[in-house]
Amino acid sequence: MELKIGNIPATKLAQKYGTPLYVYDEANMTNIMKDYRDNLKSNKYETLVLFASKAFACMEMYKLINKNGLGSDVVSGGELYAALKCGIDPKNIYFHGNNKTEDEINLGILSGVNFVADSLDEAMMLDRISTKLEKDINVLFRLNVGVEAHTHKFIVTAHVDSKFGMLIDSNDLKESINIVNNSKYLHLAGFHSHIGSQIFEVDGFYAAIDKLVSYLKNFDKKLTLNIGGGFGVHYTDEDHPIAPKEIAKMISKYVDSSLEKNNVEISKLVIEPGRSIVAESGYTLYTIGNIKQTPHKKYYFIDGGMADNIRPALYQAKYDAVVANRIDDEKTEDICLAGKCCESGDIIIENIKMAKAKRGDIVCVFTTGAYGYSMSSHYNKALTPAVVFVNGDKARTVIKRETYEDLYRNDVSEDYERI
Ligand SMILES: *Cc1c(COP(=O)(O)O)cnc(C)c1O
């Protein structure tokens, strides 16, 4: 038996495109997007699924989400640029971020996207810039609803001193809303919360929905309720995620009941899954180089590491992996799967049972589709790997492997000038 991605043996992909290699199963991503889109439904309000594009931002991904009827959440000018370039309707783009720059705000306003404002300072800035440009903007506010979702502490966002959002009972929020109400160009469109990431229980979302909905009682106008993302995925067998289809159904049903209970109406419900659309559709293939036995450990060294996947070092994230060309062999070895960067923390999996392998064997790490490529770096001047999409028995490159020239293309040797 062979490990296949789509219908293609992983070893064949490694051979054709080289390693390290990010591989995405396009059919799987498409199914998940459809599952979210078709099951977040109500006859009382519109619904919209946004891909939280920071999880995996590249041109082909923006095109794919557009093709499948999703919008995009963006958190920077760089993401916004690509979302617009790939034809996503600005009405379906939501611009997040706690410190958008003047340039980013200009670009966002001129292109007509929705803003999710994070602070009083930002509300003032949006007022000033929209007045200068004489352009209307829809503004949502990110609220800190104080719900701490059960997840790893580094990725929890909603404590009172969080850098994100404003507290519901804060003066900053009241003043921000006043600014919008008194502005010619700003229009209050709704409220947003995002309670964390890699969440497996729906209770946190339900609590956030109740807080937001009861807050909406303060407004006469029907507004947008955007409850963010954070739906968990399977990295290892310790993770038990709820299927996207079920999540979407549970959320729309709960929102319906919360609206009824509070006697509130909304115009639109928005969710923003990032990780859960791409994580499990992504695989990283590596080639094993040196193998080393120390007194208490056996290392398989791979030709990538923290430069293409920082999550283990950053969050102690756990992964599962196999030797792709030996998946029928018994897993007899206790292995530390380590990268090639000059950091002792450059370890992808601290301790995993793997088949006995040799130099040149191919390792496949699972569930690397979210926050892998998008958080990659050039540390040690690592070349960013190629990204390949697979659909059935076909494959195509969507991001080329970097070359050494690419690495230094912005380096210059200018003469000093007096400034
Ligand atoms: C990161 C983020 C998301 C997506 O989170 P996932 O865990 O990838 O689903 C959604 N909304 C906002 C505002 C975010 O910052």
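This briefing covers the ligand site, the cavities, the backbone geometry and two residues of helix α2. The model is predicted. The ligand has 15 residues around it, and the protein buries 94% of the 380 Å² that the ligand exposes when taken alone. A search of the whole structure also finds 2 cavities of 30 Å³ or more.

**Ligand site**

- Which residues come nearest to the ligand? They are Lys 54, Ser 197, Glu 272, Arg 275 and Tyr 371, out of the 15 around it.
- By class, the shell holds 3 nonpolar, 7 polar and 5 charged residues.
- The side chain of Tyr 371 places an N or O atom 2.5 Å from an oxygen atom of the ligand.
- Arg 275 makes its approach through the backbone: a polar atom there is 2.7 Å from a ligand oxygen.
- Gly 274 also uses its backbone, with an N or O atom 2.9 Å from an oxygen atom of the ligand.
- Cover over the ligand comes to 94% of an area of 380 Å², the latter taken for the ligand alone.

**Cavities**

- How many cavities of 30 Å³ or more does the search find? The count for the whole structure is 2.
- The second largest cavity has a volume of about 30 Å³.
- Its lining is made up of Val 322, Val 323, Arg 326, Ile 327, Asp 329, Lys 331 and Ala 355.
- That lining has 4 nonpolar and 3 charged residues, and no polar ones.
- As background, empty space left between atoms shows up when a probe the size of a water molecule is rolled over them.

**Backbone geometry**

- Most residues other than glycine have a negative phi, and most peptide bonds are trans.
- The peptide bond from Thr 19 to Pro 20 is cis, with omega near -10°.
- Pro 20 sits in the loop between α1 (10-17) and β3 (21-25).
- Glu 134 is not a glycine, yet has a positive phi of about 55°.
- Where is Glu 134 found? Its place is the loop between α6 (120-133) and β8 (137-144).
- Glu 134 counts as exposed because its relative accessibility, 57%, is over the 50% cut-off.
- Asn 263, another residue other than glycine, has a positive phi near 55°.
- The loop between α9 (244-262) and β12 (266-271) holds Asn 263.
- Is Asn 263 buried or exposed? Asn 263 has a relative accessibility of 71%, so it counts as exposed.

**Helix α2**

- Thr 30 is found in helix α2, which spans residues 26-39.
- Thr 30 has a relative accessible area of 15%, which is under 20%, so Thr 30 is buried.
- Thr 30 and Val 278 are 248 residues apart in sequence. In space, their C-alpha atoms are 9.7 Å apart.
- Asn 28 has its place in helix α2 too.
- Asn 28 is partly exposed because its relative accessible area is 29%, between the 20% and 50% cut-offs.
- Asn 28 and Val 145 are 117 residues apart in sequence and 33 Å apart in space, C-alpha to C-alpha.

Notes
Residues numbered from 1 in each chain as written. Predicted model: local features only at pLDDT ≥ 70, side-chain atom pairs only at ≥ 80, totals over all residues. Heavy atoms only, no water. 1 Å grid on protein atoms, 1.4 Å probe; cavity = no way out; pocket = protein on both sides within 12 Å on 5 of 7 lines; lining within 4 Å. Points joined across faces, edges and corners; volume = space filled by probe spheres on them. Nonpolar A, V, L, I, M, F, W, Y, C, P; charged D, E, K, R; others polar. Near = heavy atom within 4 Å. Polar contact = N/O pair within 3.5 Å; in protein donor to acceptor, adjacent residues only side chain to side chain. Areas by Shrake-Rupley, 256 points an atom, 1.4 Å probe, with all protein chains shown as cover. Helix = DSSP H or I, 4+ residues; strand = E, 2+ residues; numbered from the N terminus. Buried < 20%, exposed > 50% of the residue type's maximum accessible area, 1.4 Å probe, protein only.
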